[in-house]
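Work through the exercises below with the model open. Each task is followed by a solution in steps.

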Amino acid sequence: AGTVRADDPALTVRHVDGADPLRVVLGTAPPDARVHPCLEWTGGIDDLLDELGGRGVMQLMVEGGARVVGSFHAAGFIDRYMLYVAPALFGGSDAKAAIDAATADTIDDVWRGRFDVVERVGDDIRLELIPPLVPRKEGP
């Protein structure tokens, strides 16, 4: 919901009328947010996926900040990462990580997937990464 408040995304499909997805906000969206109508979810990710499965949703695109992506990543729920890299650089000692996850202390601790697609899209590059097969963590 923090990203919804900060960025006010519409989360729609462009150039295809009537193809907008079910939009899900983790938390609550401001009443005037462009993402409405949406499902506002305050429970856990496992329960959300059960709810969506019950609605017949078999595929999910997760778009969010480092904490949201980190939660799905840690749970082993991601089967493909799609990253868009623009020809722009910024930095700073307080820059945010793309995934909120444990710090890799050594090169052996770095998460590694494999590139499936590398494609130019306008001025950007789209990278599709397939994660390694990691057993899904069970727990509360």
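**Exercise 1. Salt bridges**

Task: How many salt bridges does this predicted model hold, and which residues are linked in a network of them?

Solution.
- Step 1. Apply the cut-off: a side-chain nitrogen of Lys or Arg within 4 Å of a carboxyl oxygen of Asp or Glu. The count comes to 8 salt bridges.
- Step 2. Collect the linked residues. The network holds Arg80, Arg114, Asp116, Glu119, Arg126 and Glu128.
- Step 3. Look at Glu128. Its side chain meets that of Arg80 in a salt bridge, 2.5 Å from N to O. This pair links distant parts of the chain: Arg80 sits in the loop between H3 and S3, Glu128 in strand S5 (residues 124-130), and 48 residues separate them.
- Step 4. Add the second partner. Glu128 also bridges to Arg126, with the closest N and O atoms 2.7 Å apart.
- Step 5. Check burial. Arg80 is partly exposed because its relative accessible area is 34%. Glu128 has 8%, so Glu128 is buried. Both members of the Glu128 and Arg126 pair are buried.

**Exercise 2. A salt bridge with unlike partners**

Task: Asp20 forms a salt bridge with Arg23; how far apart are the closest N and O atoms? Classify each partner by burial.

Solution.
- Step 1. The closest N and O atoms are 3.9 Å apart.
- Step 2. Buried means under 20% relative accessible area, and exposed means over 50%.
- Step 3. Asp20 has a relative accessible area of 42%, so Asp20 is partly exposed. Arg23 counts as buried because its relative accessibility is 10%.

**Exercise 3. Aromatic pairs**

Task: Which rings form aromatic pairs, and are the pairs stacked or edge-to-face?

Solution.
- Step 1. The count comes to 2 aromatic pairs.
- Step 2. Take Phe72 and Phe77. Their centres are 6.4 Å apart and their planes lie at 65°. Planes over 60 degrees apart count as edge-to-face, and this pair is edge-to-face.
- Step 3. Compare accessibility. Phe72 is buried because its relative accessibility is 4%. Phe77 has 25%, so Phe77 is partly exposed.
- Step 4. Take Tyr81 and Trp111. This pair is also edge-to-face, at 5.2 Å centre to centre and 70° between the planes. The pair links distant parts of the chain: Tyr81 is in strand S3, Trp111 in the loop between S3 and strand S4 (114-121), and they are 30 residues apart.
- Step 5. Tyr81 is buried, with a relative accessible area of 10%. Trp111 counts as partly exposed at 35%.

**Exercise 4. Helix H3 and the nonpolar core**

Task: Which residues of helix H3 are buried, and what covers them? Then find the residues of the largest nonpolar core.

Solution.
- Step 1. H3 spans residues 66-75, and its buried residues are Val69, Gly70, Phe72, His73 and Ala75.
- Step 2. The cover includes strand S1 (24-26), helix H2 (45-54) and strand S3 (81-85).
- Step 3. Go past the helix. Gly76 follows H3 and has a positive phi, near 75°.
- Step 4. Trace the core. The largest nonpolar core has 7 residues: Ile45, Val69, Phe72, Ile78, Tyr81, Leu127 and Leu129. H3 and S5 are the elements that give two or more residues to this core.
- Step 5. Follow Val69. Beyond its neighbours within four places in sequence, Val69 contacts Gly64, Ile78, Tyr81, Ala98 and Ile99.
- Step 6. Look elsewhere. A second, separate core of 6 residues includes Val4, Val25, Ala29 and Val35.

How values were computed: Residues numbered from 1 in each chain as written. Predicted model: local features only at pLDDT ≥ 70, side-chain atom pairs only at ≥ 80, totals over all residues. Heavy atoms only, no water. Buried < 20%, exposed > 50% of the residue type's maximum accessible area, 1.4 Å probe, protein only. Helix = DSSP H or I, 4+ residues; strand = E, 2+ residues; numbered from the N terminus. Contact = heavy atoms within 4.5 Å. Phe/Tyr/Trp six-rings, centres within 6.5 Å; stacked < 30°, edge-to-face > 60°. Core = buried A, V, L, I, M, F, W, Y, C linked by side-chain atoms within 4.5 Å.
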